[in-house]
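Welcome! Take a moment to turn the model around before reading on, and keep it beside you as we walk through it together.

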Amino acid sequence: MLKDNLLLLRNLNGYSQEAVAEKIGISRQAYARWESGASVPDVEKCARLAEIYDVSIDSLIRQDNIEGVGMVPPASKGKDIWGTVTVNERGQIVIPKAARDKFGLTNGSRLIVVSDEVGIAMLPAEAFEEHLRQVLLMAQNRAES
């Protein structure tokens with residue numbers, strides 16, 4: 001798991017083994033041994049790796065697999081990959097239970113659906129509306145000054 005994540009994260013970030021090793025203060029050979037699984041970093045080095053790759057230590061040493069996709073890279077701190085959902089014939093989806101639990105979503109919860117060219121996201125309506133109120137208030141304050 002760790003060795004696979006190290007290789008995946010390094011390649012996703014466009015780093016060489018030498019560049020990562022330099023950031024940590026170790027030899028390239030030592031880092032190569034971590035990626036091959038021949039050895040593992042100590043806790044302090046894991047913390048540095050997590051910092052370099054902007055992931056939690058937990059996600060660094062854990063492997064996430066999504067059905068139909070396979071292994072996915074560890075998500076950045078504060079972000080999660082919940083898995084896949086299927087849109088049914090009525091356009092409905094079921095949000096994974098872990099995501100519903102984390103955000104306190106229950107029957108009747110309101111979500112705002114937003115998108116860009118790549119895809120869609122859902123935000124709790126209350127959080128979106130509060131953020132919008134703050135933006136409008138800031139704009140009003142600027143207009144008055």
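Let us begin with one word that will return often: two residues are in contact, or touch, when they have heavy atoms within 4.5 Å. The model you see is a predicted one, in which local features need pLDDT of at least 70 and side-chain atom pairs count only at pLDDT 80 or more, while totals for chains, interfaces and linings use all residues. Residues are numbered from 1 along each chain as its sequence is written, and side-chain values use heavy atoms, with hydrogens and water left out.

Now for the overall layout. The chain has seven helices and four strands; here helices (H or I, at least four residues) and strands (E, at least two) are DSSP runs, numbered from the N terminus. Following the sequence, you meet them in the pattern α-α-α-α-α-β-β-α-β-β-α. Along the principal axes, the C-alpha atoms of the chain fill a box of roughly 55 × 50 × 30 Å. The radius of gyration of the chain is 21 Å, whereas a compact globule of 145 residues would have one near 15 Å. That radius is taken over C-alpha atoms, and the globule rule is 2.2 Å times the number of residues to the power 0.38.

How much of the chain is buried? Of its 145 residues, 22% count as buried. Buried means under 20% relative accessible area, exposed over 50%, and partly exposed in between, using a 1.4 Å probe and protein chains only. Among contacts between residues at least 6 apart in sequence, 35% join residues at least 24 apart.

A good place to look next is the largest nonpolar core, which has 17 residues. A nonpolar core is a set of buried Ala, Val, Leu, Ile, Met, Phe, Trp, Tyr and Cys residues joined through side-chain atoms within 4.5 Å. Leu6, Tyr31, Leu49, Tyr53 and Leu60 have the most contacts inside this core. At least two of its residues come from each of helix H1 (2-12), helix H2 (17-24), helix H3 (28-36) and helix H4 (43-53). H4 provides the largest share, five residues. Find Tyr53 and see what surrounds it: leaving out residues up to four places away in sequence, Tyr53 touches Leu6, Leu9, Arg10, Asn13, Tyr15, Val20 and Tyr31.

H3 is worth a visit of its own. Its buried residues are Ala30, Tyr31, Ala32, Trp34 and Glu35, and they pack against H1, H2 and H4. Just after H3 comes Gly37, with a positive phi of about 85°.

Another positive phi can be found in the loop between H4 and helix H5 (57-61), where Asp54 lies. Most residues other than glycine have a negative phi. In Asp54, phi is near 55°, a positive value in a residue other than glycine. Asp54 is partly exposed, with a relative accessible area of 39%.

Back in helix H1, look for Leu2. Is Leu2 buried or exposed? Leu2 is buried, because its relative accessible area is 13%. Beyond its neighbours within four places in sequence, Leu2 is in contact with Val40, Pro41, Leu60 and Ile61. Leu2 and Ser36 are 34 residues apart in sequence, with 9.7 Å between their C-alpha atoms.

Next, let us search for open space. Rolling a probe the size of a water molecule over the atoms shows where empty space is left. On a 1 Å grid over the protein atoms alone, a pocket is an open set of points where a 1.4 Å probe fits, with protein on both sides within 12 Å along at least five of seven lines, and lining residues have an atom within 4 Å of a point. The largest pocket holds about 670 Å³ of space. It is lined by 20 residues, and Asp80, Trp82, Ala99, Phe103 and Met122 are the closest to its centre. The lining divides into 14 nonpolar, three polar and three charged residues. Helix H6 (97-103) and strand E4 (120-124) each supply at least two of them, and E4 gives the most, with five.

Met122 sits in strand E4 and is partly exposed, with a relative accessible area of 36%. Setting aside neighbours within four places in sequence, Met122 is in contact with Ile93, Ile95, Leu111, Ile112 and Val113. Ile120 also lies in E4, and it counts as exposed because its relative accessibility is 67%.

Notes:
Grid points are joined across faces, edges and corners, and a volume is the space filled by probe spheres set on the points. Ala, Val, Leu, Ile, Met, Phe, Trp, Tyr, Cys and Pro count as nonpolar, Asp, Glu, Lys and Arg as charged, and the others, Gly among them, as polar.
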